[in-house]
Amino acid sequence: MDIPDIEKTIFDLKTPDTFKQIAEKIFRKERITPEEGVLLYQEADTGYLGILAEIVRREKCGNNVYYIRNFHIEPTNIC
């Protein structure tokens, strides 16, 4: 799904206007305030947050996704 498709989907959803205003800031590549982040965390659906996160991820990383696989065994029980 391309960004214009995602943008259309975001604004077609039945969500509060405050969420749509935050989404507009994200599409304009502006930072959201900590209060806006807390509002999304406390009240937005997980799927809505995932869509917004996908927009930011695509902007920062393009179509690449990275992960780190770290395996570490302690030789003793003392850390």
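**Exercise 1. Find the residue that follows α2 and describe its backbone and its surroundings.**

*Solution.* Start at the end of the helix: α2 is followed by K29, and its phi is positive, near 65°. Keep in mind that this is a predicted model.

Next, ask what makes that angle worth a look. Most residues other than glycine have a negative phi. K29 is not a glycine, yet its phi is positive at about 65°.

Now place the residue. K29 sits in the loop between α2 and α3. Finally, check the solvent side: the relative accessible area of K29 is 58%, and the cut-off for exposed is over 50%, so K29 is exposed.

**Exercise 2. Work out how α2 and α4 are arranged, and which residues make the contact.**

*Solution.* First get the geometry. Helix α2 covers residues 17-27 and helix α4 covers residues 46-61; they pack at an angle of about 15°, with axes 10 Å apart. Angles under 35 degrees count as roughly parallel, so α2 is roughly parallel to α4. As for handedness, α2 passes α4 in a left-handed crossing.

Then list who does the touching. From α2 come F19, K20, A23, I26 and F27, and from α4 come Y48, L52, I55 and V56. What is the chemistry of that set? The residues of this contact split into eight nonpolar, no polar and one charged.

Take a closer look at V56, which belongs to helix α4. With a relative accessible area of 34%, V56 is partly exposed. For a sense of distance, the C-alpha atoms of V56 and T46 are 15 Å apart, and these two are ten residues apart along the chain. K20 and V56 are also 15 Å apart, C-alpha to C-alpha, with their positions 36 residues apart in sequence.

**Exercise 3. Do the same for α2 and α3.**

*Solution.* Helix α3 runs over residues 34-43, and α2 packs with α3 at an angle of about 125°, their axes 11 Å apart. That angle makes α2 and α3 oblique to each other. Here, too, the handedness can be read off: α2 passes α3 in a left-handed crossing.

On the α2 side, the contact uses T18, F19, I22 and K25; on the α3 side, it uses E36, L39, L40 and E43. Sorting those residues gives four nonpolar, one polar and three charged.

To round off α2, check which of its residues are buried: F19, K20, I22, A23, K25, I26 and F27 are.

**Exercise 4. How many aromatic pairs does the structure hold, and how are the rings arranged?**

*Solution.* There is one aromatic pair. A pair of aromatic rings is described by the distance of the centres and the angle of the planes. For F19 and Y48, the centres are 5.8 Å apart and the planes stand at 35°, so the pair is tilted.

Now locate the two partners. F19 is in helix α2 and Y48 in helix α4, so the pair ties together parts that are 29 residues apart in sequence. Are they buried or exposed? Both F19 and Y48 are buried.

**Exercise 5. Trace the contacts that link I10, T15 and K20, leaving out residues up to four places away in sequence.**

*Solution.* Begin with I10, which is in helix α1 (residues 3-12). Its relative accessible area is 0%, so I10 is buried. I10 touches T15, K20, A23, F27, Y48, I51 and L52 once sequence neighbours up to four places away are left out. By contrast, E35 is 25 residues along the chain from I10, and their C-alpha atoms are separated by 20 Å.

Move on to T15, in the loop between α1 and α2. The cut-off for buried is under 20%, so T15, at 19% relative accessibility, counts as buried. With the same neighbours left out, T15 touches I10, K20 and Y48.

Finish with K20, found in helix α2. K20 has 18% relative accessibility, so K20 counts as buried as well. Beyond four places in sequence, K20 touches I10, F11, L13, T15 and Y48.

Put the lists together. I10 touches both T15 and K20, and T15 touches K20, which closes the link. Y48 appears in the list for I10, in that for T15 and in that for K20.

Key: Residues numbered from 1 in each chain as written. Predicted model: local features only at pLDDT ≥ 70, side-chain atom pairs only at ≥ 80, totals over all residues. Heavy atoms only, no water. Axes fitted to C-alpha atoms, helices over the stretch in contact; angles between N-to-C directions. Helix = DSSP H or I, 4+ residues; strand = E, 2+ residues; numbered from the N terminus. Parallel < 35°, antiparallel > 145°, perpendicular 65-115°, else oblique. Left-handed = near helix turned anticlockwise from the far one by under 90°. Contact = heavy atoms within 4.5 Å. Nonpolar A, V, L, I, M, F, W, Y, C, P; charged D, E, K, R; others polar. Buried < 20%, exposed > 50% of the residue type's maximum accessible area, 1.4 Å probe, protein only. Phe/Tyr/Trp six-rings, centres within 6.5 Å; stacked < 30°, edge-to-face > 60°.
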